Amino acid sequence: MKTEDLFVDTPIVPVVVIDDIDQAVPLANALISAGIGVIEITLRTDAAFAAIEQVARECPDICVGAGSIRNAMQIGQVMDAGARFCVSPGFSDGLLDEADARDAHLIPGAGTAAEALQLYERGYDFVKFFPAEVSGGIRMIKALSAPLPEISFFPTGGITAELAVDYLDLDCVRCVGGSWFVSPDRVRAGDFSWVTAQASAALRILGDRPE
Ligand code: 3PG
(Lines give C-alpha, C1' and ligand atoms only; values in the text may rest on other atoms or scores of the structure.)
Protein backbone atom coordinates (compact mmCIF):
# COMPACT_ATOMS: atom_id res chain seq x y z
CA MET A 1 0.00 0.00 0.00
CA LYS A 2 1.19 3.49 -0.83
CA THR A 3 1.43 5.83 2.14
CA GLU A 4 -0.95 8.36 0.60
CA ASP A 5 -3.65 5.67 0.34
CA LEU A 6 -4.00 5.84 4.13
CA PHE A 7 -5.56 9.28 3.65
CA VAL A 8 -7.96 8.57 0.79
CA ASP A 9 -11.07 8.75 2.97
CA THR A 10 -9.90 11.60 5.21
CA PRO A 11 -8.62 14.72 3.46
CA ILE A 12 -8.07 16.60 6.73
CA VAL A 13 -5.66 15.11 9.22
CA PRO A 14 -5.89 16.22 12.84
CA VAL A 15 -2.43 17.01 14.20
CA VAL A 16 -2.89 16.53 17.93
CA VAL A 17 -1.02 17.25 21.13
CA ILE A 18 -2.05 15.06 24.05
CA ASP A 19 -0.94 16.06 27.54
CA ASP A 20 -3.03 13.66 29.50
CA ILE A 21 -3.38 10.02 28.50
CA ASP A 22 -7.03 10.06 29.57
CA GLN A 23 -7.75 12.47 26.69
CA ALA A 24 -6.53 10.15 23.94
CA VAL A 25 -9.45 7.76 23.44
CA PRO A 26 -12.22 10.39 23.97
CA LEU A 27 -10.46 12.62 21.43
CA ALA A 28 -10.19 9.80 18.90
CA ASN A 29 -13.86 8.97 19.45
CA ALA A 30 -14.85 12.64 18.99
CA LEU A 31 -13.06 12.63 15.64
CA ILE A 32 -14.59 9.31 14.60
CA SER A 33 -18.09 10.67 15.33
CA ALA A 34 -17.38 13.54 12.95
CA GLY A 35 -16.31 11.13 10.21
CA ILE A 36 -12.54 11.55 10.53
CA GLY A 37 -10.68 8.28 9.97
CA VAL A 38 -7.14 9.26 10.80
CA ILE A 39 -5.23 10.91 13.66
CA GLU A 40 -1.64 12.12 13.92
CA ILE A 41 -0.48 12.12 17.54
CA THR A 42 2.60 14.29 17.85
CA LEU A 43 5.60 13.28 19.93
CA ARG A 44 5.57 16.60 21.76
CA THR A 45 4.45 15.37 25.16
CA ASP A 46 5.34 12.59 27.57
CA ALA A 47 1.90 11.07 27.03
CA ALA A 48 2.35 10.64 23.26
CA PHE A 49 3.61 7.03 23.11
CA ALA A 50 0.98 5.77 25.52
CA ALA A 51 -1.67 7.75 23.64
CA ILE A 52 -0.69 6.10 20.35
CA GLU A 53 -0.79 2.69 22.02
CA GLN A 54 -4.23 3.24 23.56
CA VAL A 55 -5.83 4.64 20.42
CA ALA A 56 -4.34 1.82 18.31
CA ARG A 57 -5.71 -0.75 20.75
CA GLU A 58 -9.10 0.74 21.57
CA CYS A 59 -10.18 2.63 18.45
CA PRO A 60 -10.06 0.32 15.42
CA ASP A 61 -12.08 2.84 13.38
CA ILE A 62 -9.27 5.37 13.23
CA CYS A 63 -5.86 5.02 11.61
CA VAL A 64 -3.33 6.27 14.13
CA GLY A 65 0.01 7.75 13.17
CA ALA A 66 2.80 9.59 14.95
CA GLY A 67 3.89 13.14 14.21
CA SER A 68 6.89 15.33 15.05
CA ILE A 69 9.26 12.37 14.51
CA ARG A 70 12.76 13.72 15.03
CA ASN A 71 15.06 10.73 15.21
CA ALA A 72 15.43 7.26 13.78
CA MET A 73 14.79 5.47 17.06
CA GLN A 74 11.32 7.02 17.35
CA ILE A 75 10.21 5.26 14.16
CA GLY A 76 10.56 1.82 15.72
CA GLN A 77 9.11 3.01 19.01
CA VAL A 78 5.92 4.41 17.48
CA MET A 79 5.47 1.42 15.18
CA ASP A 80 5.78 -0.89 18.18
CA ALA A 81 3.13 1.26 19.88
CA GLY A 82 0.80 0.67 16.93
CA ALA A 83 1.35 3.71 14.69
CA ARG A 84 0.59 2.98 11.06
CA PHE A 85 2.35 6.04 9.69
CA CYS A 86 5.05 8.47 10.80
CA VAL A 87 5.29 12.17 10.01
CA SER A 88 8.39 14.30 10.38
CA PRO A 89 8.80 18.07 10.02
CA GLY A 90 11.90 17.35 7.92
CA PHE A 91 14.24 14.46 7.20
CA SER A 92 17.74 13.17 7.71
CA ASP A 93 19.65 10.24 6.24
CA GLY A 94 19.26 8.42 9.53
CA LEU A 95 15.50 8.86 9.49
CA LEU A 96 15.12 7.74 5.87
CA ASP A 97 17.43 4.74 6.37
CA GLU A 98 15.46 3.59 9.39
CA ALA A 99 12.14 4.04 7.55
CA ASP A 100 13.54 1.84 4.75
CA ALA A 101 14.79 -0.76 7.20
CA ARG A 102 11.45 -0.91 9.04
CA ASP A 103 9.33 -0.57 5.90
CA ALA A 104 7.59 2.32 7.64
CA HIS A 105 5.02 4.61 6.06
CA LEU A 106 7.06 7.76 6.63
CA ILE A 107 5.96 11.18 5.42
CA PRO A 108 9.08 13.33 5.61
CA GLY A 109 8.89 17.11 5.47
CA ALA A 110 10.14 19.44 2.76
CA GLY A 111 9.83 23.20 2.45
CA THR A 112 11.96 23.83 -0.65
CA ALA A 113 12.50 22.43 -4.14
CA ALA A 114 15.93 21.09 -3.14
CA GLU A 115 14.45 19.18 -0.20
CA ALA A 116 11.56 17.81 -2.25
CA LEU A 117 14.04 16.67 -4.90
CA GLN A 118 16.31 15.00 -2.35
CA LEU A 119 13.32 13.09 -1.03
CA TYR A 120 12.21 12.13 -4.51
CA GLU A 121 15.68 10.72 -5.16
CA ARG A 122 15.20 8.57 -2.07
CA GLY A 123 11.90 7.25 -3.42
CA TYR A 124 9.40 9.61 -1.81
CA ASP A 125 6.66 11.04 -4.01
CA PHE A 126 4.38 12.03 -1.10
CA VAL A 127 5.89 14.59 1.27
CA LYS A 128 4.76 16.89 4.02
CA PHE A 129 5.01 20.54 3.00
CA PHE A 130 5.95 22.30 6.22
CA PRO A 131 5.50 24.90 7.61
CA ALA A 132 2.97 25.48 4.85
CA GLU A 133 1.64 28.96 5.41
CA VAL A 134 4.91 30.65 6.34
CA SER A 135 6.73 28.83 3.54
CA GLY A 136 4.57 30.48 0.90
CA GLY A 137 1.36 28.47 1.14
CA ILE A 138 -0.63 27.68 -1.95
CA ARG A 139 1.47 29.87 -4.24
CA MET A 140 4.61 28.05 -3.16
CA ILE A 141 3.07 24.59 -3.68
CA LYS A 142 1.95 25.59 -7.16
CA ALA A 143 5.45 26.85 -7.94
CA LEU A 144 7.08 23.67 -6.56
CA SER A 145 4.70 21.38 -8.32
CA ALA A 146 5.30 22.81 -11.81
CA PRO A 147 8.85 21.39 -12.14
CA LEU A 148 8.16 18.48 -9.76
CA PRO A 149 4.94 16.99 -11.16
CA GLU A 150 5.62 13.52 -9.72
CA ILE A 151 5.41 14.75 -6.13
CA SER A 152 2.25 15.22 -4.13
CA PHE A 153 2.12 17.28 -0.98
CA PHE A 154 0.61 17.02 2.48
CA PRO A 155 0.70 20.65 3.67
CA THR A 156 0.54 21.45 7.36
CA GLY A 157 1.33 24.50 9.46
CA GLY A 158 -1.03 27.43 9.80
CA ILE A 159 -3.92 25.87 7.86
CA THR A 160 -7.52 26.80 8.67
CA ALA A 161 -10.84 25.33 7.49
CA GLU A 162 -11.12 27.94 4.74
CA LEU A 163 -7.54 27.50 3.55
CA ALA A 164 -7.94 23.72 3.55
CA VAL A 165 -10.51 24.04 0.78
CA ASP A 166 -8.09 25.98 -1.41
CA TYR A 167 -5.18 23.62 -0.75
CA LEU A 168 -7.31 20.58 -1.54
CA ASP A 169 -8.35 22.12 -4.83
CA LEU A 170 -4.77 21.62 -6.04
CA ASP A 171 -4.24 18.34 -7.90
CA CYS A 172 -0.91 17.80 -6.15
CA VAL A 173 -2.46 17.98 -2.67
CA ARG A 174 -3.97 14.73 -1.35
CA CYS A 175 -4.72 15.86 2.19
CA VAL A 176 -3.93 18.69 4.60
CA GLY A 177 -3.05 18.53 8.27
CA GLY A 178 -3.66 20.89 11.10
CA SER A 179 -4.67 21.59 14.64
CA TRP A 180 -7.37 24.16 13.94
CA PHE A 181 -10.14 21.66 14.78
CA VAL A 182 -8.24 19.93 17.60
CA SER A 183 -7.03 22.98 19.51
CA PRO A 184 -4.74 21.81 22.34
CA ASP A 185 -6.59 24.11 24.75
CA ARG A 186 -9.96 22.56 23.95
CA VAL A 187 -8.51 19.06 24.18
CA ARG A 188 -6.89 19.89 27.53
CA ALA A 189 -10.26 21.20 28.76
CA GLY A 190 -11.95 17.97 27.64
CA ASP A 191 -14.19 19.87 25.22
CA PHE A 192 -14.62 16.96 22.84
CA SER A 193 -18.02 18.08 21.56
CA TRP A 194 -16.27 21.23 20.25
CA VAL A 195 -13.82 18.96 18.39
CA THR A 196 -16.64 16.95 16.82
CA ALA A 197 -18.46 20.14 15.80
CA GLN A 198 -15.36 21.75 14.27
CA ALA A 199 -14.31 18.59 12.44
CA SER A 200 -17.85 18.07 11.11
CA ALA A 201 -17.99 21.69 9.94
CA ALA A 202 -14.67 21.33 8.12
CA LEU A 203 -15.77 18.14 6.39
CA ARG A 204 -19.07 19.80 5.46
CA ILE A 205 -17.27 22.73 3.80
CA LEU A 206 -15.08 20.30 1.88
CA GLY A 207 -18.10 18.21 0.88
CA ASP A 208 -19.79 21.32 -0.49
CA ARG A 209 -16.93 22.02 -2.92
CA PRO A 210 -17.75 21.79 -6.59
CA GLU A 211 -16.14 18.66 -8.15
C1 3PG B 1 2.44 20.17 12.34
O2 3PG B 1 3.24 19.61 13.07
O3 3PG B 1 2.09 19.68 11.28
C4 3PG B 1 1.95 21.50 12.72
O5 3PG B 1 2.35 21.85 13.99
C6 3PG B 1 0.48 21.66 12.58
O7 3PG B 1 0.36 22.99 12.36
P8 3PG B 1 -0.78 23.91 12.98
O9 3PG B 1 -0.77 23.67 14.47
O10 3PG B 1 -0.36 25.30 12.60
O11 3PG B 1 -2.07 23.50 12.35
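Where is the place of Phe-130? In this predicted model, Phe-130 sits in the loop between strand 7 (126-129) and helix 6 (137-145). Pro-131 is found in that loop as well, between strand 7 and helix 6. The peptide bond from Phe-130 to Pro-131 is cis. Its omega is near -10°. Phe-130 counts as partly exposed, because its relative accessibility is 28%, and partly exposed covers the range between under 20% and over 50%. Beyond the residues up to four places away in sequence, Phe-130 touches Pro-89, Ala-110, Gly-111, Ser-135, Thr-156 and Gly-157. Another proline, Pro-11, is 119 residues from Phe-130 in sequence. In space, the C-alpha atoms of Phe-130 and Pro-11 are 17 Å apart.

Two helices were examined for their packing. Helix 1 covers residues 24-34. Its buried residues are Ala-24, Val-25, Leu-27, Ala-28, Ala-30, Leu-31 and Ala-34. These buried residues pack against strand 1, strand 2, helix 2 (48-58), helix 8 and helix 9. Just after helix 1 comes Gly-35, with a positive phi of about 100°.

Helix 9 has 16 residues, 192-207. At 1.5 Å a residue, helix 9 should span 22 Å. The C-alpha atoms at its ends are 22 Å apart, so the expected span and the model agree. Phe-192, Trp-194, Val-195, Thr-196, Ala-199, Ala-202 and Leu-206 are the buried residues of helix 9. They pack against strand 1 (12-16), helix 1, helix 7 (161-168) and helix 8 (184-188).

Gln-23 lies in the loop between strand 1 and helix 1. Gln-23 counts as buried because its relative accessibility is 7%, and the cut-off for buried is under 20%. Not counting residues up to four places away in sequence, Gln-23 touches Ile-18, Val-187, Arg-188 and Phe-192. Of these contacts, Phe-192 is one of the buried residues of helix 9.

Thr-42 belongs to strand 2 (residues 38-42). Is Thr-42 buried or exposed? Its relative accessibility is 1%, so Thr-42 counts as buried. The side chain of Thr-42 reaches the backbone oxygen of Val-16 at 2.7 Å. Leaving aside neighbours within four places in sequence, Thr-42 is in contact with Val-15, Val-16, Val-17, Ala-48, Gly-67 and Ser-68.

Ser-68, one of the contacts of Thr-42, is placed in the loop between strand 3 (63-67) and helix 3 (72-81). Phi of Ser-68 is near 60°. That is a positive value in a residue other than glycine. Ser-68 is buried, because its relative accessible area is 10%.

Asp-103 also has a positive phi, near 55°, and is a residue other than glycine. Asp-103 lies in the loop between helix 4 and strand 5. Here the relative accessible area is 67%, so Asp-103 is exposed.

Pockets were then considered. The largest pocket has a volume of about 270 Å³. Fifteen residues line this pocket, and the closest to its centre are Thr-3, Ala-104, His-105, Leu-106 and Tyr-124. Helix 4 (93-102) and strand 5 (106-107) are the elements that give two or more residues to this lining. By class, the lining of the largest pocket has six nonpolar, three polar and six charged residues.

The second largest pocket has a volume of about 170 Å³. Its lining has 13 residues. Which of these residues lie nearest its centre? They are Val-15, Arg-44, Gly-157, Gly-178 and Ser-179. The lining of the second largest pocket divides into five nonpolar, six polar and two charged residues. Two of the residues nearest its centre appear in contacts described above. Val-15 is in contact with Thr-42, and Gly-157 is touched by Phe-130.

Technical notes:
Residues numbered from 1 in each chain as written. Predicted model: local features only at pLDDT ≥ 70, side-chain atom pairs only at ≥ 80, totals over all residues. Heavy atoms only, no water. Helix = DSSP H or I, 4+ residues; strand = E, 2+ residues; numbered from the N terminus. Expected span 1.5 Å × (residues − 1). Buried < 20%, exposed > 50% of the residue type's maximum accessible area, 1.4 Å probe, protein only. Contact = heavy atoms within 4.5 Å. 1 Å grid on protein atoms, 1.4 Å probe; cavity = no way out; pocket = protein on both sides within 12 Å on 5 of 7 lines; lining within 4 Å. Points joined across faces, edges and corners; volume = space filled by probe spheres on them. Nonpolar A, V, L, I, M, F, W, Y, C, P; charged D, E, K, R; others polar. Polar contact = N/O pair within 3.5 Å; in protein donor to acceptor, adjacent residues only side chain to side chain.
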